Amino acid sequence: MAGRDASGSATRATSRLRGDRINPLRDPADRRLPRVAGPCVLVMFGVTGDLSRKKLMPAVYDLANRGLLPPGFGLVGFARRDWKDEDFAKVVHDAVAEHARTPFREEVWEQLLEGIRFVRGEFDDNQAFERLAGTIRELDEERGTGGNHAFYLSIPPKSFESVVSQLKRHGMTGYDSSHWSRVVIEKPFGHDLESARDLDEIVGSAFSPESIFRIDHYLGKETVQNIMAFRFANQIFEPIWNNHYVSHVQITMAEDIGIAGRAGYYDGIGAARDVIQNHLLQLMALTAMEEPTSFDAEQLCAEKTKVLAAIQPPEDMATQTCRGQYVAGSQGGERVRGYLEEDGVDPHSRTETYAAVRLTIDNRRWAGVPFYLRTAKRMPRRVTEVALNLQRAPHLPFSDTAALGTNAVVLRIQPDEGVTLRFGAKVPSTQMEIRDVTMDFAYGSSFTEASPEAYERLILDVLLGDPPLFPQHEEVELAWKILDPVLDFWTESDTPPCDYPSGSWGPSEADEMIARGGFAWRRP
């Protein structure tokens with residue numbers, strides 16, 4: 001991406017001003033993560049949660065293992081547990097051993113271990129935050145971290161105000177030309193438009209806009225970034241990327257698991273807030289946006305914002321949206337419970353585990369092209385993809401086209417990362433019988449190196465102060481303006497979510513919804 005090339009003198013100068021440095025030991029052929037963060041402290045709130053254990057701590061180690069963290073680095077955990085530094089270090093070690101992407105190396109761990117600290121306390125405990133400030137000052141002196149601090153809030157949004165207020169009260173949010181303070185917040189970015197604005201006001205009261213990093217981990221995936229490369233680096237595809245050739249677009253995120261013991265978070269949130277408001281609308285914006293003049297944060301945000309501002313909510317909520325709940329069924333050969341039978345779920349809950357909406361974009365490129373977004377739990381398989389389905393050829397001079405579908409360009413985000421092109425080809429030894437075939441590009445077979453995990457890339461970008469892959473507040477507000485009318489309709493409706501069996505592709509009502517446009521859902 002533009003602006004991430006470490007070879008230019010301008011980039012090196014910018015890196016020195018930020019406190020970053022170029023890694024002299026890095027393999028010159030490795031251009032994926034070319035810069036090393038400058039000396040800094042990363043403070044993690046919520047270190048006892050699954051996200052920290054499975055993603056964040058392993059990502060920190062993987063960065064260190066690849067030489068992308070400096071010797072002057074500190075990692076501080078904050079939680080209620082009665083732990084000492086060595087207890088927290090053991091938690092980090094076990095998380096790394098189980099979930100790290102790169103091999104464990106003792107010398108890397110020993111260097112990381114020297115900067116690991118733990119602070120015990122509650123979010124409303126003034127003395128605990130005073131201890132946190134003292135711990136950070138000690139690391140600044142001992143590790144030479146220079147007053148550069150990033151605070152990762154892997155905590156429920158309801159706790160943001162307490163933590164941010166405490167950080168501000170104890171002098172941990174200030175910055176000047178010699179040091180920086182940044183804050184990282186996880187989705188959901190609010191519960192609706194009003195709460196998103198409240199959240200932005202809370203965080204903005206202590207941190208400047210350029211110091212606020214809203215993490216949508218999907219934007220850190222190599223395959224999501226490849227949407228831009230696929231479109232703008234290849235002349236072959238851009239001419240058909242419009243309403244002259246595309247009939248409709250399907251964006252799908254399907255999960256083959258249930259709520260996995262997360263009823264306390266999920267019930268009352270639902271599939272639309274959890275996935276459509278952030279992941280899928282971001283994928284839609286990247287798919288539909290115009291080419292930016294560069295890939296820096298300002299230009300990328302400007303083009304995504306134009307798309308989000310042009311998206312029209314469904315005209316008829318009753319026929320262009322669908323919500324469902326999974327019921328008992330067979331998943332992977334095993335009998336599984338329905339949503340209302342899951343531990344911790346209100347037996348009368350109307351929270352959706354399946355959500356589908358039909359959206360349109362009111363601009364010249366996409367006028368008349370419906371975008372169908374769907375997400376669900378307890379699907380037959382785990383898959384995330386963007387499928388551009390092309391219009392049928394205006395004339396087919398073949399005797400048998402019954403088995404011929406429409407051409408499609410499918411961007412596979414996960415887990416089978418790659419691109420599929422579907423087109424018609426002649427069946428051998430027949431008289432012009434045409435059938436669908438596919439041409440596949442797979443990351444795994446085309447590149448020898450493994451892609452960095454999304455959190456690995458995003459944490460490094462936070463420490464570098466590099467914001468292109470983070471949604472800006474304008475994008476968050478526009479996404480809520482799109483989704484709020486749908487959620488309001490569902491809340492006010494007397495109709496409960498439609499049932500669908502676990503292990504199926506969703507409720508029949510969703511099939512009827514897309515069939516009204518003359519289309520059918522893909523079965524990946």
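The largest nonpolar core of this predicted model comprises 107 residues. Within this core, Phe45, Leu132, Leu281 and Leu373 touch the most other members. Helix H10, spanning residues 270-288, is the main contributor to the core, giving 11 residues. The core also draws on two domains: at least three residues come from each of domain 1 (40-215) and domain 2 (222-451 + 471-517).

Leu281 illustrates the packing around one of these core residues. Beyond four places in sequence, Leu281 touches Ile276, Leu308, Ile311, Leu359, Leu373, Ala479 and Ile482. Leu373, one of these partners, is itself among the residues that touch the most other core members. Apart from this core lies another, made up of 44 residues. Leu56, Val92, Ile215 and Ile459 are among its members.

Helix H8 is mostly covered, with nine of its 11 residues buried. The buried set includes nonpolar side chains, among them Val224, Ile227, Met228, Phe230 and Phe232. Thr223, Gln225, Asn226 and Arg231 are buried as well.

The binding-site annotation was examined next. An unreviewed UniProt entry places the feature "binding site" at His217, Lys221, Glu255, Asp274 and Lys377. His217 is found in the loop that runs from strand S8 (212-215) to helix H8 (222-232). His217 counts as partly exposed because its relative accessibility is 21%, and the buried class ends at 20%. Its contacts, leaving out residues up to four places away in sequence, are His279, Ala454, Tyr455 and Leu458.

Glu255 also lies in a loop, between strand S9 (246-254) and helix H9 (263-266). Its relative accessibility is 19%, so Glu255 counts as buried. Beyond four places in sequence, Glu255 touches Ala376, Lys377, Arg378, Met379, Arg381 and Arg382. One of these partners, Lys377, is also listed by UniProt under "binding site".

Confidence was assessed along the chain. The protein averages a pLDDT of 89, and 91% of the residues score at least 70. Residues 1-33 stand apart from that average, with pLDDT under 50 throughout. The model nevertheless has 61 contacts beyond four places in sequence for this segment. Where pLDDT is low, predicted coordinates should not be read in detail.

Terms used:
Residues are numbered from 1 along each chain as its sequence is written. This is a predicted model: local features need pLDDT of at least 70, side-chain atom pairs count only at pLDDT 80 or more; totals for chains, interfaces and linings use all residues. Side-chain values use heavy atoms; hydrogens and water are left out. UniProt positions are given in the numbering used here, feature names are shortened, and annotations may be inferred rather than shown by experiment. Helices (H or I, at least four residues) and strands (E, at least two) are DSSP runs, numbered from the N terminus. Buried means under 20% relative accessible area, exposed over 50%, partly exposed in between (1.4 Å probe, protein chains only). Contact means heavy atoms within 4.5 Å. pLDDT is the predictor's confidence in each residue, from 0 to 100. A nonpolar core is a set of buried Ala, Val, Leu, Ile, Met, Phe, Trp, Tyr and Cys residues joined through side-chain atoms within 4.5 Å. Domain bounds come from an automatic or database domain assignment.
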